[in-house]
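Here is a short report on one chain and its metal site. Please read it alongside the sequence and the coordinates.

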Amino acid sequence: MTAWLSVDTDDIVHFPSNRGHPNRSSQYMDEWKTSGYRASEKLLQATDRFIQWVQDGPEITVFLIAEQLDCPDFRIRMEKLLQMPNIVFGCHGWGHRCWSAWPEDIESFSAMLSTSRDRISDFAGNSWRPRFRAPAGYIAKWMAAPLAAAGFNLDSSINPSRWVNRKMEGDWMSVKQSIEGIGIIEVPWLTSVIGPACGPALSLFPFAIFAKRAWRKHSLRITSNPENEKCVALYWHLLDHNRKEGNWNPPISKSQ
Ligand SMILES: [Zn+2]
C-alpha cells in the first residue's frame, strides 16, 4: 500500500489537557478565535530538527494551526519550509478546538474553516492544499458539509481502529461514509494489527513496536498525490523531533 506523509504542528498549549476540549482541558475555550500565540522553545527546536531532516526528502503535508502564524519565530521557520519543493500546507484548525467533542455548531465551525483557510492559503500560495485534519484527530458527521462548503477536498481525521469507535458517533465507517458521501476524499490513518499506528501511538507502548514495523512496510512507496492515488496516511507531530534528545526520526523506510 502506498503511503502519504503528513505532520501536525501542535504546540504544548494545543494538548487537549491544556486547551480545546470541553471537559479535559485546564483552560476553558469558549471562543474558537484565539490571538497572540507564541511558540514554545520546545516547538521551535523540534521544528529546526524537522527542517534539517526534511531537506531533499519525500513530499510532506504540514498541517498548520492557523493561529501559529501570529508568532514571528515560528513563522520564520514555516517560511523556510515554504521554500522547499517537497513541502505543502494543509489546515489543522485555528486554535486547536476539538470540534467533535463539543455540541454540533455548524456556524462557528464554518467561520473557523474559512478564516483558517484564508490565512494559511495566503501564506502558502502555490504550496497550499485544501486538506484538513481535525484537531484531536476525531471528526464528526456534521463536520462534513461545512468542510465541503469551505472548499476542502481531502480529510485525514479517521483512525480506522476499533479503539476509536466509542469516541465517534456510531463507528468510524459511518463517519467515513458521510465524508465521502459529500465528495471529500478520506485518507484514513495507518493502523497495525493491534490498533493505532500514527501520532501518539508511535511512542506509546505497546503500540509503538507494531507501529514502527507497519510504517517501514508501508512507506516503501510514498505519494504526493493522495487525491488521485489510493493510499494510507502516516502522520506524526513536529514535537516528536525532540524525542531521543533530538535524534528521533519518523520510522519510514527512507530513514533506515
Ligand atoms: Zn493536533
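## Strands at the centre

Five of the five residues of strand E2 (residues 60-64) are buried, so E2 is largely enclosed by the rest of the structure. Buried means under 20% relative accessible area, exposed means over 50%, and partly exposed lies in between (1.4 Å probe, protein chains only). Strands (E, at least two residues) and helices (H or I, at least four) are DSSP runs, numbered from the N terminus.

This is a predicted model: local features need pLDDT of at least 70, side-chain atom pairs count only at pLDDT 80 or more, and totals for chains, interfaces and linings use all residues. Residues are numbered from 1 along each chain as its sequence is written, and side-chain values use heavy atoms, with hydrogens and water left out.

In a regular strand the side chains alternate between the two faces of the sheet. E2 has cover on both faces: Ile-60, Val-62 and Leu-64 are buried on one side, Thr-61 and Phe-63 on the other. E1 is mostly covered too, with seven of its seven residues buried. Thr-2, Trp-4, Ser-6 and Asp-8 point one way from E1. Ala-3, Leu-5 and Val-7 point the other way.

## The sheet

The open sheet has seven strands in the order E6-E5-E4-E3-E2-E1-E9, with parallel pairing. Two strands pair if DSSP finds at least two bridges between them. The edges are strand E6 (185-186) and strand E9 (231-237), each pairing on one side only. E1 and E2 run parallel and are joined by four bridges. E1 and E9 also pair in the parallel sense, over seven bridges. Some opposite residues are listed here.

| Residue in E1 | Opposite residue | Strand of the opposite residue |
|---|---|---|
| Ala-3 | Val-232 | E9 |
| Trp-4 | Ala-233 | E9 |
| Leu-5 | Ile-60 | E2 |
| Val-7 | Val-62 | E2 |

Which residues of the largest nonpolar core touch the most other members? They are Phe-50, Leu-81, Phe-89 and Trp-236, out of 71 residues. A nonpolar core is a set of buried Ala, Val, Leu, Ile, Met, Phe, Trp, Tyr and Cys residues joined through side-chain atoms within 4.5 Å. In soluble globular proteins, nonpolar side chains tend to be buried together.

Trp-236 has contacts beyond four places away in sequence, including Leu-5, Val-7, Phe-50, Ile-60, Trp-215 and Trp-248. Contact means heavy atoms within 4.5 Å.

## The zinc site

The zinc ion is coordinated by two OD atoms of Asp-10 and by NE2 of His-92 and of His-96, at 2.0 to 2.7 Å. Donors are N, O and S atoms within 2.8 Å of the metal (3.2 Å for Na, K and Ca); water is not among the atoms, so sites may look incomplete. The four donor atoms subtend angles of 53 to 131° around the zinc ion, which makes the arrangement irregular. Four donors count as tetrahedral if all angles lie between 85 and 135 degrees; four count as square planar and six as octahedral if opposite donors are over 155 degrees apart and all others between 65 and 115; anything else is irregular.

The sequence spacing of the donor residues is D-x81-H-x3-H. Asp-10 lies in the loop between strand E1 (2-8) and helix H1 (41-54), and His-92 in the loop between strand E3 (87-91) and helix H3 (106-124), so the pair ties together parts that are 82 residues apart in sequence. Asp-10 and His-92 are both buried.

His-96 is found in the loop between E3 and H3. His-96 is buried, at 2% relative accessible area.

## Backbone exceptions

Most residues other than glycine have a negative phi, and most peptide bonds are trans. His-96 has a positive phi of about 65° although it is not a glycine. Glu-245 has a positive phi of about 50° and is not a glycine either. Is Glu-245 buried or exposed? Glu-245 counts as exposed, at 76% relative accessibility. Glu-245 is found in helix H7 (residues 243-246).

A cis peptide bond joins Phe-205 and Pro-206, with omega about 0°. Pro-206 is found in the loop between strand E8 (195-196) and H6.
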